[in-house]
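Got your viewer open and a selection tool ready? Let's take a short walk from stop to stop.

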Amino acid sequence: MHTQSVNQLETTFSTNESERLYQLLDIVIGPQFGNDPQEKLQKTLELKYSEAVLCANYTKPELNEVLLDLGSGLGVFAGYISGQVKKVICCDIYREMLDLAQSLNKDKNNIEYVHINSYDLSPIEKKSIDILYSIGLFIHFNIYDTYLYFRELERVIKPGGKFFINLKNENELHMEEFISHAKVYEVNGHTTNGLVQWMAPNAVIRLAEHYGFELINLLDDKDDCWLYFCLKD
């Protein structure tokens with residue numbers, strides 16, 4: 001699977017789906033998405049594809065494994081990795097986003113789409129997941145959100161299973177990005193919906209350890225931080 005272009009997406013989706021896509025991305029990516037949406041959508045697709053390649057190369061999933069993509073969005077990651085595993089489960093709090101992902105990946109028969117509520121992975125069977133990926137989701141969470149989600153991750157991941165997330169490192173605050181989000185925060189009534197949240201990696205590691213996860217590796221790229229954990233047997 002190669003990176004989808006905006007034109008390819010609009011060919012794949014119906015007119016109503018395309019209109020709803022931009023509305024959803026305005027919510028999911030943030031209020032600032034509204035300016036020049038085609039260009040920003042294209043950059044988002046390219047970013048998601050490159051993240052999928054990075055995750056697959058790093059975790060090396062196997063054909064007998066079940067993966068969970070938490071905060072799956074358009075399903076770019078699921079579409080890329082579906083041919084390398086037994087099954088991919090896409091979870092998202094937006095039903096419409098799951099519908100769009102299903103349209104985008106309609107030629108893939110081993111992807112399941114599951115609607116969830118925040119902090120609740122109850123539709124996923126206990127200890128059924130070999131690898132869980134959540135890329136571009138925890139960057140929108142505070143430490144309390146993270147704690148509540150980690151509790152669910154411990155429930156669904158098999159002993160010896162792994163999870164891979166990224167977050168924004170508050171110790172390497174990128175001021176230009178922060179100020180742009182701070183302006184949106186001020187204009188939009190002090191709501192953090194869609195905005196980036198910065199956390200300390202050491203605090204996130206402590207939370208993971210509380211639930212029995214062990215850090216395998218930490219990848220730092222300026223203020224972007226990638227954490228790779230394994231659930232102890």
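Is Cys 230 buried, partly exposed or exposed? Select Cys 230 and take a look: its relative accessible area is 21%, so it counts as partly exposed. The cut-off for buried is under 20%. Keep in mind as you go that this model is predicted.

**Stop 1: the cysteines**

Now select Cys 90. Is Cys 90 buried or exposed? Its relative accessibility is 0%, so Cys 90 is buried. While you're on cysteines, how many disulfides does a search of the whole structure find? Zero. Cys 90 fits with that: the nearest cysteine sulfur belongs to Cys 91 and sits 7.8 Å away. A disulfide would need the two sulfur atoms within 2.5 Å, so Cys 90 and Cys 91 don't make one.

**Stop 2: a pair of tyrosines**

Next up, rings. The structure has 17 aromatic pairs, and a nice one to select is Tyr 58 with Tyr 228. Try turning the view until you can see both ring planes. The ring centres are 5.4 Å apart and the planes meet at 70°, which makes this pair edge-to-face. The cut-off for that label is an angle over 60 degrees.

Where do the two partners come from? Tyr 58 is in helix α3 (residues 37-59), while Tyr 228 is in strand β8 (residues 224-231). They are 170 residues apart, so to speak two distant parts of the chain linked by one pair. Colour them by accessibility if you can: Tyr 58 is partly exposed at 27% relative accessible area, whereas Tyr 228 is buried at 7%.

**Stop 3: a cluster of rings**

Select Phe 138 and Phe 141. This is another edge-to-face pair, with ring centres 5.1 Å apart and planes at 75°. Both are buried: Phe 138 has a relative accessible area of 1%, and Phe 141 has 10%.

Now add Tyr 119, Tyr 149, Phe 150, Phe 163, Phe 213 and Phe 229 to your selection. Together with Phe 138 and Phe 141, these residues form one aromatic cluster.

**Stop 4: out to the surface**

Last, switch on the surface and select Leu 173, Met 175, Phe 178 and Ile 179. What do these four make? They form a nonpolar surface patch of about 330 Å². Zoom in on Ile 179, which belongs to helix α7 (residues 175-187). With 40% relative accessible area, Ile 179 is partly exposed.

Terms used: Residues numbered from 1 in each chain as written. Predicted model: local features only at pLDDT ≥ 70, side-chain atom pairs only at ≥ 80, totals over all residues. Heavy atoms only, no water. Patch = residues over 30% accessible without salt bridge, like charges linked within 9 Å, V, L, I, M, F, W, Y side chains within 5 Å. Areas by Shrake-Rupley, 256 points an atom, 1.4 Å probe, with all protein chains shown as cover. Salt bridge = Lys/Arg side-chain N within 4 Å of Asp/Glu carboxyl O. Helix = DSSP H or I, 4+ residues; strand = E, 2+ residues; numbered from the N terminus. Buried < 20%, exposed > 50% of the residue type's maximum accessible area, 1.4 Å probe, protein only. Phe/Tyr/Trp six-rings, centres within 6.5 Å; stacked < 30°, edge-to-face > 60°.
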